[in-house]
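New to this one? Here's a quick tour, grouped by topic, to read alongside the structure.

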Amino acid sequence: MPTMPQNPNLARELILLLALATLWGASYTFIKIGVETIPPVTLIAARTLIAGAILLAVLRHRRIRLPSDGATWRRFFVQACLNSVIPFTLIAWAEQSVDAGLAVILNSATPIFTFLLTVLIVRHEQVTARKLFGVMAGLAGICLVIGVEALNGLGEDLMAQLAIILATACYAGAAIFGKNFNGFDPAVPAAGSLISGAAILLPVSLVVDRPWTLDPSAASMLALLGLSAFSTALAFAIYFRLVQTLGSVGTTSQAYLRVPIGVTIGIVFLGESLSPTAWIGLICVISGVAAMTIPARVSATKAGTI
């Protein structure tokens with residue numbers, strides 16, 4: 001089984017972090033368009049099935065086989081619940097009533113949850129002043145980029161907003177649990193977890209939504225394809241690589257970048273607008289990401305491990 005290089009290039013990893021933020025930033029717009037005519041469970045069932053099939057095809061082309069032991073597949077199922085089944089479905093359900101911009105804000109707290117979990121429970125991430133600064137700078141940047149007015153709706157559609165917060169906590173757990181797949185090619189846990197997610201969601205979709213009776217629009221179908229191929233299949237492969245190279249907190253710090261990117265995509269495709277302080281906020285966001293990723297990578301290099 002191919003393994004990750006021991007000392008990957010930091011600049012390349014940060015470029016991949018930006019790519020991941022872009023792919024996941026676009027997912028909120030894809031979901032918003034998709035749920036207009038496709039129910040949430042069916043949308044996410046199709047998302048995991050299509051993305052898993054794409055990654056499986058890539059693995060076959062590269063002549064890499066998925067593990068066959070039960071223990072690894074049980075970990076795939078746990079990862080699926082934490083990283084796709086629960087959070088994907090909750091966000092899709094919430095975006096039926098919550099704006100994409102507010103969804104991005106609420107979901108951007110993933111690094112905070114990850115940081116707290118690693119400090120209180122797992123403790124495999126070193127707590128440094130720079131990471132603490134990164135957390136604060138990232139949150140400040142989010143407020144500046146989005147603008148306080150975007151939070152005016154907080155409290156309305158409370159259940160949907162709480163659903164996104166729960167999804168955020170799941171992502172944090174997934175980032176930490178993803179460390180269990182060190183040594184695997186990044187596409188292997190990505191494919192295994194997505195296939196597991198599809199196995200969980202497809203029966204639910206068949207019973208709850210009866211997808212054969214649906215009449216989705218062309219826009220929703222295109223959004224589903226973009227969501228599956230780019231914001232899921234490609235994004236998951238990048239994600240599992242970064243968990244191994246930048247660590248769980250470093251990887252989830254892409255949530256800060258995801259905010260301005262997601263809002264920008266919303267401007268182009270959904271007619272949303274940025275606050276006047278967006279540029280200052282963007283500087284804060286980039287500073288926060290750098291503070292949370294660079295120290296972790298430097299420490300890992302000095303130790304000779306990732």
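R210 sits in the loop between helix 8 and helix 9, the latter covering residues 218–245. Keep in mind that this is a predicted model. The points below start with that loop and then move on to its neighbours and one other loop.

**Backbone with positive phi**
- R210 isn't a glycine, yet its phi is positive, near 45°.
- With a relative accessible area of 48%, R210 counts as partly exposed, because that label runs from 20% to 50%.
- R63 is another non-glycine residue with a positive phi, this one about 60°.
- You'll find R63 in the loop between helix 2 (40–61) and helix 3 (70–94).
- R63 has a relative accessible area of 79%, so it is exposed, the cut-off being over 50%.
- G247 comes just after helix 9 and has a positive phi of about 90°.

**A nonpolar patch on the surface**
- V204, L206, V207, V208 and W212 together make a nonpolar surface patch of about 530 Å².
- L206, one of these, belongs to helix 8, which runs over residues 187–208.
- L206 has 44% relative accessibility, so it counts as partly exposed.

**Helix 9: span and kink**
- How far apart are the end C-alpha atoms of helix 9? They are 39 Å apart, which agrees with the 40 Å that its 28 residues should span at 1.5 Å a residue.
- Helix 9 also has a kink of about 35°, and A235 is at its centre.

Methods
Residues numbered from 1 in each chain as written. Predicted model: local features only at pLDDT ≥ 70, side-chain atom pairs only at ≥ 80, totals over all residues. Heavy atoms only, no water. Patch = residues over 30% accessible without salt bridge, like charges linked within 9 Å, V, L, I, M, F, W, Y side chains within 5 Å. Areas by Shrake-Rupley, 256 points an atom, 1.4 Å probe, with all protein chains shown as cover. Salt bridge = Lys/Arg side-chain N within 4 Å of Asp/Glu carboxyl O. Helix = DSSP H or I, 4+ residues; strand = E, 2+ residues; numbered from the N terminus. Buried < 20%, exposed > 50% of the residue type's maximum accessible area, 1.4 Å probe, protein only. Expected span 1.5 Å × (residues − 1). Bend = angle between axes of the 7 residues up to and from the residue.
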